[in-house]
Amino acid sequence: MYTALGQNQWALDAATAFDRNSDTFPRGNTHWFRDWWSPLRTETGGSAQVMVRYFELLAEHIPRGANTHYLRDLTWGEYVHFTSGAAGGDVSDLARRAFGRPRWWTRELARAQAEFPAITH
């Protein structure tokens, strides 16, 4: 956001602060900003556009209830598959570097690719 507004120093300051943050989800010491969002932006041409396309894909493919909430959560495989489609390229290696990859995530990704073949990357 700060970069889009031309506030480059604010963007650098925010990135420095966010780079230090870690979470326990999906595993301990996960650095979402540093290891996922920042590379997603730099390696795919912009995380804002990727997120717009990601939510468009969700709206197109995941059923929602009357209150517009999604009827179920995504699996990690679906998350990576939809993000790959939104990014226009396979982000599974980036996800592996950022979050690790238990064997069951690999099965979930294969299942997501089979269940949502219209999402290409």
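When two helices pack, an angle under 35 degrees between them counts as roughly parallel, and an angle over 145 counts as roughly antiparallel. Keep that in mind as we walk through this protein, which is a predicted model.

Let's start with the overall picture. The protein has 6 helices and 0 strands, so if you follow the chain along its sequence you read the pattern α-α-α-α-α-α. Its C-alpha trace spans about 45 × 30 × 30 Å along the principal axes.

Now find helix α2, residues 32-44, and look at how it sits against helix α4, residues 76-87. Their axes cross at roughly 30° and come within 11 Å of each other. That angle falls under the 35 degree cut-off, so α2 and α4 are roughly parallel to each other. Which residues make the contact? On the α2 side you'll find Trp32, Trp36, Trp37, Leu40 and Thr44, and on the α4 side Trp76, Tyr79, Thr83 and Ala87.

Stay with α2, but turn to another partner: helix α5, residues 92-99. Here the axes are 9 Å apart and the packing angle is about 160°. That is over 145, and therefore α2 and α5 are roughly antiparallel to each other. Their crossing is right-handed. From α2, the residues involved are Trp32, Asp35, Trp36, Pro39, Leu40 and Glu43, and they meet Leu94, Ala95, Arg97, Ala98 and Phe99 in α5. You may recognise a few α2 names here: Trp32, Trp36 and Leu40 take part in the contact with α5 and also in the one with α4.

Next, go back to α4 and see what it does with helix α6, residues 103-115. How far apart are the axes of α4 and α6? They are 7 Å apart, and the two helices pack at an angle of about 55°. This makes α4 and α6 oblique to each other, and their crossing is right-handed. Trp76, Gly77, Glu78, Val80 and His81 of α4 make the contact with Trp105, Glu108, Leu109, Ala112, Gln113 and Glu115 of α6. Trp76 is worth a second look: it touches α6 here and is also part of the α4 contact with α2.

Finally, head to the start of the chain and look at the outside. Met1, Tyr2, Leu5 and Trp10 form a nonpolar patch on the surface. Together these residues have about 490 Å² of accessible area. One of them, Trp10, lies in helix α1, which covers residues 8-20.

Note on methods
Residues are numbered from 1 along each chain as its sequence is written. This is a predicted model: local features need pLDDT of at least 70, side-chain atom pairs count only at pLDDT 80 or more; totals for chains, interfaces and linings use all residues. Side-chain values use heavy atoms; hydrogens and water are left out. Patches are made of residues with over 30% relative accessible area and no salt bridge: like charges are joined within 9 Å, nonpolar side chains (Val, Leu, Ile, Met, Phe, Trp, Tyr) within 5 Å. Accessible areas come from the Shrake-Rupley method with a 1.4 Å probe; for residues, only the protein chains shown count as cover. A salt bridge is a side-chain nitrogen of Lys or Arg within 4 Å of a carboxyl oxygen of Asp or Glu. Helices (H or I, at least four residues) and strands (E, at least two) are DSSP runs, numbered from the N terminus. Axes are lines fitted to C-alpha atoms, for helices over the stretch in contact, and angles run from 0 to 180 degrees between N-to-C directions. Angles under 35 degrees count as roughly parallel, over 145 as roughly antiparallel, 65 to 115 as roughly perpendicular and the rest as oblique. A crossing is left-handed if the near helix is turned anticlockwise from the far one by less than a right angle, and right-handed if clockwise. Contact means heavy atoms within 4.5 Å.
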